[in-house]
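Subject: Structure for your review

Dear colleague,

Please find below the structure that I am handing over to you, with its sequence. My findings follow directly after it.

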Amino acid sequence: MDWFKRKDKGIQTPTENKKDTPKGLWYKTPSGKIIDTDELKRNLYVSPEDGYHVRIGSKQYFELFFDDNIFKELNPKLSAKDPLKFVDTKKYPDRIKAAQEKTGLKDAVRTAVGKSKGKDLVIACMDFAFIGGSMGSVVGEKIARAIDHSIKNKIPFLMISKSGGARMMEASLSLMQLVKTSAKLAQLAEAKIPYISLCTDPTTGGTTASFAMLGDINIAEPNALIAFAGPRVVKDTTGKDLPAGFQRSEFVLEHGFLDAIYERKELKDKVNLYIDLIQNLPVRA
């Protein structure tokens, strides 16, 4: 039984010879399903085990919608200022800088124009990784400028929402973005240019109260949280238990706030189908 006894105490393997299991090889869905991350990526970040749609950002959505991932980014250098000199646990400029360094993004939305199924499309896509996709002045301005680009060049507009709502660090300035973006969308409608709104998980707060629900067609991914106030706030306010699936896209569709729900693999075809139908053009294959 000597092999149970260690002759030399301590760990004997040199540090340079240790082999760690690489991080990120597997992804666990909320239902407990384990998926290989490479397989997940090949499946557009949708679990083949249970259909769970993993949150993705503008990089992945641009890859999904733009042909060969070729596009021109609009106003890529816009960055937030701090006119209110806001401070919570840290100064607002410090929080912006930290978010930029962590994500490689300038703010919570990216806008771009490129070909989708052979025709020009302007896309504004929010990134939840940047301060919860919160809507501040830069987000509102970039969306407004993207809509201007659509109007000037007569190009359909797609908004991909993924946001926790208005950015509290900009107070009333962030709330004014609801008005700005809604007014620009009214101009887009007057120009008879199609606007498709895609709600992804989560679409909440001021985003839902403005541009996310103003599309000619409002669609969503499966099981996306779509709400003004979140379920916890609603439950605490009403003091009542909420129905199953409350504020998820299926519930919202059933109650008339959405036109359709599509899996991620269908989005490019469906968005372009709606654009062709709205413009009364031959449907692209």
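Strand E6, helix H5 (residues 171-190) and strand E7 form a right-handed β-α-β unit. Please note that the model is a predicted one. E6 and E7 (residues 195-203) run parallel and are joined by six bridges, with Met159 standing opposite Ser197 in E7.

A second right-handed β-α-β unit is made by strand E5, helix H4 and E6. Here E5 (residues 119-126) pairs with E6 in the parallel sense over four bridges, and Ile123 has Leu158 of E6 as its bridge partner.

Why is strand E6 described as largely enclosed by the rest of the structure? Seven of the seven residues of E6 (residues 157-163) are buried, so the strand is largely enclosed by what surrounds it. Its two faces are both covered: on one side Phe157, Met159, Ser161 and Ser163 are buried, and on the other Leu158, Ile160 and Lys162 are buried as well.

I turn next to the nonpolar cores. In soluble globular proteins, nonpolar side chains tend to be buried together. The largest nonpolar core of this model has 36 residues, of which Ile143, Phe157, Met159 and Phe211 touch the most other members. Two or more residues each come from helix H3 (92-103), strand E4 (109-116), E5, H4, E6, H5 and E7. The greatest contribution is that of H4, which gives five residues. Another core, of 22 residues, lies apart from this one and includes Leu158, Ile196, Tyr274 and Ile275.

Phe211 deserves a separate entry. Once its neighbours within four places in sequence are set aside, Phe211 is in contact with Met126, Met135, Ile143, Met159, Ser161, Thr181, Leu185, Tyr195 and Ser197.

Finally, some details of helix H4. This helix has 17 residues, and the distance from its first C-alpha to its last is 24 Å, close to the 24 Å expected at 1.5 Å a residue. The buried residues of H4 are Val138, Val139, Gly140, Lys142, Ile143, Ala144, Ala146, Ile147 and Ser150. The elements covering these buried residues include strand E3 (71-74), E4, E5, E6 and H5. Just after H4, Lys154 adopts a positive phi of about 55°.

Yours sincerely

Notes:
Residues are numbered from 1 along each chain as its sequence is written. This is a predicted model: local features need pLDDT of at least 70, side-chain atom pairs count only at pLDDT 80 or more; totals for chains, interfaces and linings use all residues. Side-chain values use heavy atoms; hydrogens and water are left out. Buried means under 20% relative accessible area, exposed over 50%, partly exposed in between (1.4 Å probe, protein chains only). Two strands pair if DSSP finds at least two bridges between them. A crossover is right-handed if, with the strands pointing away from the viewer, the path from the first strand over the helix to the second runs clockwise. A nonpolar core is a set of buried Ala, Val, Leu, Ile, Met, Phe, Trp, Tyr and Cys residues joined through side-chain atoms within 4.5 Å. Contact means heavy atoms within 4.5 Å. The expected span of a helix is 1.5 Å times one less than its number of residues.
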